[in-house]
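Here's a set of exercises to work through with the model open in your viewer. Try each task yourself before you read the solution.

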Amino acid sequence: AGIVLTAALDRKFRPFSPQRADEIPRKAAENICREQKRQLRRGQMTEHFDSAQRFLNMQKKTEKETSKPHHYISSDGFDIYVGKNNTQNDKLTLKFANSSDIWFHTKKIHGSHVIIKLGKDKEVPEKTMTEAAALAAYFSKARESSRVPVDYTQIKNVKKPNGAKPGMVIYDSYNTIYVNPEIREGVREEQ
């Protein structure tokens, strides 16, 4: 038997299908999913429920990925951004940063991408460089270590290989600095 569900504005929807996911606003999908759960409990429905639930889970995942990176201000007043996950690392490094910004990452250790936004100032003080490197070490798997090697280079030297997983990049023309993982005194987090 065909099931007709009523959603917002008294519009009638056929049972949810993934092909229609982009046509249905989130609230309507939640209403459909709720109604389909009721019908499933009463034994009136057996198909389409899983696709509605997958759509809602996908929406939640998208919301998580659109969170903003950590934003710090160095003791010298420079903006420092730290990615929270692989997808955010990609966006931060490949879309947000300018070619002259400075990129940091722990050497051969999984961790966050860290960016110093240069703006009009092209000369970055050594203190800001060590603060950003310490953040890169702090937001990595080497958080509990000491003297962690952190590579840094300009964004123009960072590339993403074709077909690479999120967060995976290659880079050249870099320098390495050894720091202890910490959020240094004088560095403050912006909300």
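**Exercise 1: a helix and its surroundings**

How many residues does helix 4 have, and what span does it reach from its first C-alpha to its last? Then work out what covers its buried residues.

*Solution.*

Step 1. Keep in mind that this is a predicted model. Helix 4 has 13 residues and reaches 18 Å from first to last C-alpha, close to the 18 Å expected at 1.5 Å a residue.

Step 2. Now look at burial. Helix 4 is mostly covered, with 10 of its 13 residues buried. The buried ones are Thr-128, Met-129, Thr-130, Glu-131, Ala-132, Ala-133, Ala-134, Leu-135, Ala-136 and Ala-137.

Step 3. Look for the cover. It includes strand 3 (70-73), strand 4, strand 5, strand 6, strand 7 and strand 10.

Step 4. Check a residue that isn't on the buried list. Lys-127 lies in helix 4, and it counts as partly exposed because its relative accessible area is 48%, between the 20% and 50% cut-offs. Beyond its neighbours within four places in sequence, Lys-127 is in contact with Ser-75 and Asp-76. Lys-127 and Ser-75 sit 52 residues apart in sequence, yet their C-alphas are 7.9 Å apart.

**Exercise 2: the nonpolar cores**

Find the largest nonpolar core: which residues have the most contacts inside it?

*Solution.*

Step 1. Start with a rule of thumb: in soluble globular proteins, nonpolar side chains tend to be buried together.

Step 2. Here the largest nonpolar core has 23 residues, and Phe-104, Ile-116 and Val-150 have the most contacts inside it.

Step 3. Trace the suppliers. At least two residues each come from strand 4 (79-82), strand 5 (102-106), strand 6 (114-117), helix 4 (126-138), strand 7 (148-154) and strand 10 (175-179). Helix 4 gives the most, with 6 residues.

Step 4. Zoom in on Ile-116. Setting aside neighbours within four places in sequence, Ile-116 is in contact with Phe-78, Asp-79, Ile-80, Asp-101, Ile-102, Phe-104, Val-124, Thr-128, Met-129 and Ala-132.

Step 5. Don't miss the other core, which lies apart from this one: it has 8 residues, among them Leu-92, Ala-97, Ile-115 and Val-158.

**Exercise 3: the largest pocket**

What volume does the largest pocket have, and which elements give two or more residues to its lining?

*Solution.*

Step 1. The volume comes to about 570 Å³.

Step 2. Of the 25 lining residues, His-105, Ile-109, His-110, Gly-111 and Gly-167 are the closest to the centre.

Step 3. The elements that give two or more residues are helix 3 (86-96), strand 5 and strand 9 (170-171). Strand 5 gives the most, with 3 residues.

Step 4. Sort the lining by class: 9 residues are nonpolar, 11 polar and 5 charged.

**Exercise 4: positive phi outside glycine**

Where is Lys-108 found, and is it buried or exposed? Do the same for Arg-147.

*Solution.*

Step 1. Lys-108 isn't a glycine, but it has a positive phi of about 55°. Lys-108 is found in the loop between strand 5 and strand 6.

Step 2. With a relative accessible area of 81%, Lys-108 is over the 50% cut-off, so it counts as exposed.

Step 3. Arg-147 also has a positive phi, near 50°, and is a residue other than glycine. Arg-147 is found in the loop between helix 4 and strand 7, and at 55% relative accessible area it is exposed too.

**Exercise 5: two buried residues**

Are Ala-142 and His-71 buried or exposed, and what do they touch?

*Solution.*

Step 1. Ala-142 lies in the loop between helix 4 and strand 7. Its relative accessible area is 5%, under the 20% cut-off, so Ala-142 is buried.

Step 2. Not counting residues up to four places away, Ala-142 touches Ile-109, Ala-137, Val-148 and Pro-181.

Step 3. His-71 is found in strand 3 and is buried, with a relative accessible area of 17%.

Step 4. With the same sequence neighbours left out, His-71 touches Asp-79, Ile-80, Tyr-81, Arg-188, Glu-189 and Glu-190. His-71 and Glu-190 are 119 residues apart in sequence and 5.4 Å apart in space, C-alpha to C-alpha.

Technical notes: Residues numbered from 1 in each chain as written. Predicted model: local features only at pLDDT ≥ 70, side-chain atom pairs only at ≥ 80, totals over all residues. Heavy atoms only, no water. Core = buried A, V, L, I, M, F, W, Y, C linked by side-chain atoms within 4.5 Å. Buried < 20%, exposed > 50% of the residue type's maximum accessible area, 1.4 Å probe, protein only. Helix = DSSP H or I, 4+ residues; strand = E, 2+ residues; numbered from the N terminus. Contact = heavy atoms within 4.5 Å. Expected span 1.5 Å × (residues − 1). 1 Å grid on protein atoms, 1.4 Å probe; cavity = no way out; pocket = protein on both sides within 12 Å on 5 of 7 lines; lining within 4 Å. Points joined across faces, edges and corners; volume = space filled by probe spheres on them. Nonpolar A, V, L, I, M, F, W, Y, C, P; charged D, E, K, R; others polar.
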